[in-house]
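Hi everyone, thanks for making time this morning. I'd like to walk you through one model, and please have it open while I talk.

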Amino acid sequence: MPATRKTAETSSSRSTAQQPPPKSLAPRARQRAAKPSKAATVSPAIAEERRRIVEVLKPVVEMMGRMLGPNTELVLHDLTQPDASVVAIANGHVSGRKVGSTILSGPKDDRAFGAAWSAATDLSGSGHSVVNVYPTLTGTGTPLKSATVIYRDADGTPFAALCMNADLTVFKLAHAWLEHAIQGAPAPAAAPESREESPDMDLLMGEIIRSAIRTFGKPVQLMNKEEKVHAVEEMLRRGLFIVKGSVGRAAAALDMSRFSIYNYLDEIRKREGFTK
């Protein structure tokens, strides 16, 4: 009996050692295999290539932002970190973003990131992609004209995007003003055509003023001086004050005098280096 029991115990231990792990562990193992670490998915050479390209593009953003003026936003995205994709930005007041902003904080109806997603699912492409001019909207509804370059690494994977968003409101205002200045006062027969243009100008001016005031989400009566100066600066950047009568409209909307508006404008010009 002892020998028989020993043989049975040896057979039992051998059988136990050969058994597969419990089924409950198999899904976890598959899950770990399906989710390799980020370090394993990108080689050091690719990571260095991405880093160099992003560093090269950062000063380009600053240079182009200064060259194109305050109504055109330049944004450089690192697509590998969507929670804080904005790594460089110029004229961020156009969309209200800054370095560290999420990829979801950009303009509405932005087709560029749809193109980036499409490129990410089709790695057969090579070279960088250009998403040509397309319309977008800021969070407050201001129309923009946008364009984007999507950069791929040597493996064909999209990893960065350089976006341009132009606020054309100031150019529309200037165009309407110049057209009126060139044509002069309309003849009586042309009066109906003149009445058609006026509401467009009023709507554009009203949109700029309301957008600047809405920034702080409070009634004008509760805004302090710093907040009102910021609102006036936004109106200035969007070209409001090139239009005749705009100072009076801004003053009325902000519940202050025209004299105070002019003082704020002088303060902003001196601080930002604007020319009169």
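Let me start with a term I'll need in a moment: a salt bridge here is a side-chain nitrogen of Lys or Arg within 4 Å of a carboxyl oxygen of Asp or Glu. And please keep in mind that this is a predicted model.

With that term in hand, here is a pair to find on your screens. The side chains of Arg-50 and Asp-153 form a salt bridge, at 2.8 Å from N to O. Where do Arg-50 and Asp-153 lie in the chain? Arg-50 belongs to helix H4, while Asp-153 sits in the loop between S4 and S5, so the pair ties together distant parts of the chain, 103 residues apart. Are these two buried or exposed? Arg-50 has 14% relative accessibility and counts as buried. Asp-153 counts as buried too, at 5%. The cut-off behind both calls is a relative accessible area under 20%.

Now let's zoom out for a minute. The chain has 276 residues, and 34% of them count as buried. Its secondary structure adds up to 10 helices and 5 strands. If you look at contacts with a separation of 6 or more, 51% are between residues 24 or more positions apart. The accessible surface is about 17000 Å², and carbon and sulfur atoms make up 59% of that.

Next, the sheet. As a quick reminder, strands of a sheet pair through backbone hydrogen bonds, either parallel or antiparallel. Which way does the pairing go here? It is antiparallel, in an open sheet of 5 strands ordered S2-S1-S5-S4-S3. At the edges are strand S2, residues 86–90, and strand S3, residues 129–137, each pairing on one side only. On average, neighbouring strands of this sheet are turned by 15 degrees against each other, ignoring direction.

Helix H4, residues 44–68, packs on that sheet. Which strands does helix H4 touch? The helix touches S1, S2, S4 and S5, and its direction makes about 170 degrees with that of S1.

If you'd like one strand pair to trace by eye, take S1, residues 72–78, and S5, residues 158–167: they run antiparallel and are joined by 7 bridges. A handy landmark is Thr-72, which stands opposite Ala-166 in S5.

Back to charged side chains, then. How many salt bridges does a search of the whole structure find? The search turns up 8. Besides the pair I opened with, let me show you two within helix H4.

One is between Arg-51 and Glu-48, again at 2.8 Å from N to O. Both residues are in helix H4, 3 residues apart, or about one turn of the helix. Arg-51 is partly exposed, with a relative accessible area of 43%, and Glu-48 is partly exposed as well, at 28%.

The other joins Glu-55 and Lys-58, at 3.2 Å from N to O. Why about one helical turn between them? Because Glu-55 and Lys-58 are 3 residues apart in helix H4. Glu-55 is partly exposed at 40% relative accessible area, and Lys-58 is partly exposed at 28%.

One last thing to look for: Glu-48, Arg-51 and Arg-52 are joined into one network by salt bridges that share partners.

That's my tour. Thanks for listening, and I'm happy to go back to any of these views.

Technical notes. Residues are numbered from 1 along each chain as its sequence is written. This is a predicted model: local features need pLDDT of at least 70, side-chain atom pairs count only at pLDDT 80 or more; totals for chains, interfaces and linings use all residues. Side-chain values use heavy atoms; hydrogens and water are left out. Two strands pair if DSSP finds at least two bridges between them. Helices (H or I, at least four residues) and strands (E, at least two) are DSSP runs, numbered from the N terminus. Axes are lines fitted to C-alpha atoms, for helices over the stretch in contact, and angles run from 0 to 180 degrees between N-to-C directions. Contact means heavy atoms within 4.5 Å. Buried means under 20% relative accessible area, exposed over 50%, partly exposed in between (1.4 Å probe, protein chains only). Accessible areas come from the Shrake-Rupley method with a 1.4 Å probe; for residues, only the protein chains shown count as cover.
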